[in-house]
Amino acid sequence: MIGLYQPGTSLLHRTPAGVKVLVFAALTLAIALTAGGVWTLPAAGCLTAALYLLAGLGIRPLLRQLCAARWIVLVMLVTQVIFLPVLVALTNTGRVLIVIVLAALITLTTRIPALLDATERALAPFRRFGVNPAAIGLLLALTITAIPVIGGFATAIREAQRARGAPVRLQTFVVPLLVMSLKHSDELADALTARGIE
Amino acid sequence: MNGKLIIQFESVSVEFAGRIALRDVSIALDAQRIGVIGSNGSGKSTFARMLNGLVTPTSGAVKVHGLDPVRDGKRLRRHVGFIFSNPDAQIVMPTVTEDLAFSLRGRGLTRSQVAERVASTLESIDLVVHADAPTHSLSSGQKQLLALGAILIGEPDLVVADEPTALLDAANSRKIGNRLLDEIPQQLVLVTHDLRLAARCDIVLRFESGKLHEHGDPRSVVARYERDHA
Ligand SMILES: Nc1ncnc2c1ncn2[C@@H]1O[C@H](COP(=O)(O)OP(=O)(O)O)[C@@H](O)[C@H]1O
Ligand SMILES: [Mg+2]
């Protein structure tokens, strides 16, 4: 879901990354605070769709983001339905889904360097509490870089299993994925050390 | 610290959990291009990784230009660039430009100095048009060129490459091999299974079962290795 910057000249593309992150934070807060409201979900939904149109991205990327989030949605729904009334579980999940799709809109309209700069600047005031903005920025950058790599592992494992006619099941998928990811993080740690980051 | 880094191993042994990976290696090297060959598991990577302190000797002493790679690792790593086999596992930043600039962190350069060095490095690795591309969108060959650029931008004195062409196709292998052997001014340690690349070095070291089996004239060392494995 991350790292899908789509070049453009819309208002959203031109807005500084810091402003976008702040507006996103404010919207997330608003959605969380008005949790009980009947209108929160439809209003937030319409606003999100409008923002995607404003970004000149059309409705297709929006659908793609929704589709990409389907597993998160499924897991959230299933776990909540066990403990909560169906309607509450649905609205909770709907709110999280909107926040995810809004976050994706930032990555769709912002170049990654600008996003990282904005994050580091936004975190600067927390330095006095022992937060290291550069370290968090680095962590974020590493994560963004790693996502497509791990996505590639997932594809490779599925293909290998299909090629041998093995049914794709969760256990037979998760374990090799973890092993590959851990090996990757080992190699990456070496590369970071070699490049002077301890 | 300029000019040739002298590599010195004095009775160096390395054990991993009781298994010996390197056995009593002693050698002093000042050649420009040093090739390293040997079967899988013979200790080549262990040897190479000691040059910048990624592996610690269990006994004996390693010196790279008088510095101990373990104790003075941080200082030494500025002078020793390291390239691994897997192009995906050495790129740490989301875009090409950022990944190059990452190597210059903490060197006290101004923004414009960094931009200048990034621009000239982009040119030298033929990635100018991909300057702002997400790193994951590059081909394996381009990724390995980027990894090379990320090291050269730091202007090291020694480049250590551990099977840098192992995961590349023939054309990209040739490209990376030529870059390393003929185009960079740095002293080079090249671990490789590609015997043609090894033969182009100035000296070749052959490891077998953790021992420095022999070293010397590239053609003869490579020829004997081929004969033994024929
Ligand atoms: N981190 C490690 N932990 C345990 N054993 C290792 C480790 N690295 C290397 N070895 C072992 O040390 C020996 C030499 O490995 P290596 O130097 O990687 O060989 P080469 O690069 O020539 O294939 C092998 O037997 C290998 O299994
Ligand atoms: Mg090796």
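**Notebook: salt bridges, a patch and two loop residues**

I began with B:Arg196, which counts as exposed at 67% relative accessibility. For my labels, buried is under 20% relative accessible area, exposed is over 50% and partly exposed is in between (1.4 Å probe, protein chains only). I keep in mind that this is a predicted model, where local features need pLDDT of at least 70 and side-chain atom pairs pLDDT 80 or more, while totals for chains, interfaces and linings use all residues. Residues are numbered from 1 along each chain as its sequence is written, chains are lettered from A and ligands numbered from 1 in the order written, and side-chain values use heavy atoms, without hydrogens or water.

**Entry 1: the partner of B:Arg196**

I looked for what B:Arg196 pairs with, and found a salt bridge to B:Asp194, with the closest N and O atoms 3.9 Å apart. A salt bridge here is a side-chain nitrogen of Lys or Arg within 4 Å of a carboxyl oxygen of Asp or Glu. I noted B:Asp194 as partly exposed, at a relative accessible area of 21%.

**Entry 2: salt bridges elsewhere**

How many salt bridges does the structure hold over all chains? I wrote down 15.

I then turned to chain A, where the side chains of A:Glu187 and A:Lys183 meet in a salt bridge at 3.1 Å, N to O. I found both residues in helix H9 (residues 170-194) of chain A, 4 residues apart, which is about one turn of the helix. Helices (H or I, at least four residues) and strands (E, at least two) are DSSP runs, numbered from the N terminus. In this pair I have A:Lys183 as exposed, with 52% relative accessibility, and A:Glu187 as partly exposed, with 23%.

Back in chain B, I looked up B:Asp182 and saw that it forms a salt bridge with B:Arg33, the closest N and O atoms being 3.7 Å apart. This pair links distant parts of the chain: I placed B:Asp182 in helix H6 (residues 170-183) and B:Arg33 in strand S3 (residues 33-38), 149 residues apart. I followed these two further and found them in a network of salt bridges that also takes in B:Arg200 and B:Asp202.

**Entry 3: a nonpolar patch on chain A**

Next I went looking at the surface, and met a nonpolar patch of about 750 Å². I listed its members as A:Trp71, A:Leu74, A:Val78, A:Ile82, A:Phe83, A:Leu84 and A:Val88. Such patches join nonpolar side chains (Val, Leu, Ile, Met, Phe, Trp, Tyr) within 5 Å, from residues with over 30% relative accessible area and no salt bridge.

Which helix gives the largest share of the patch? I traced 5 residues to helix H5 (residues 70-83) of chain A. I picked A:Leu74 for a closer look: it is found in helix H5 of chain A, and counts as partly exposed at 45% relative accessibility.

**Entry 4: two positive phi values**

I reminded myself that most residues other than glycine have a negative phi. Where did I find B:Glu155, with its positive phi near 50 degrees? I located B:Glu155 in the loop between helix H5 (140-152) and strand S6 (158-162) of chain B. I also noted that B:Glu155 is exposed, with a relative accessible area of 54%.

My second case is B:Ser209, where phi is near 45 degrees, again positive in a residue other than glycine. I found B:Ser209 in the loop between strand S8 (203-208) and strand S9 (211-216) of chain B. Is B:Ser209 buried or exposed? I have B:Ser209 down as exposed, at 55% relative accessible area.

Conventions
Patches are made of residues with over 30% relative accessible area and no salt bridge: like charges are joined within 9 Å, nonpolar side chains (Val, Leu, Ile, Met, Phe, Trp, Tyr) within 5 Å. Accessible areas come from the Shrake-Rupley method with a 1.4 Å probe; for residues, only the protein chains shown count as cover.
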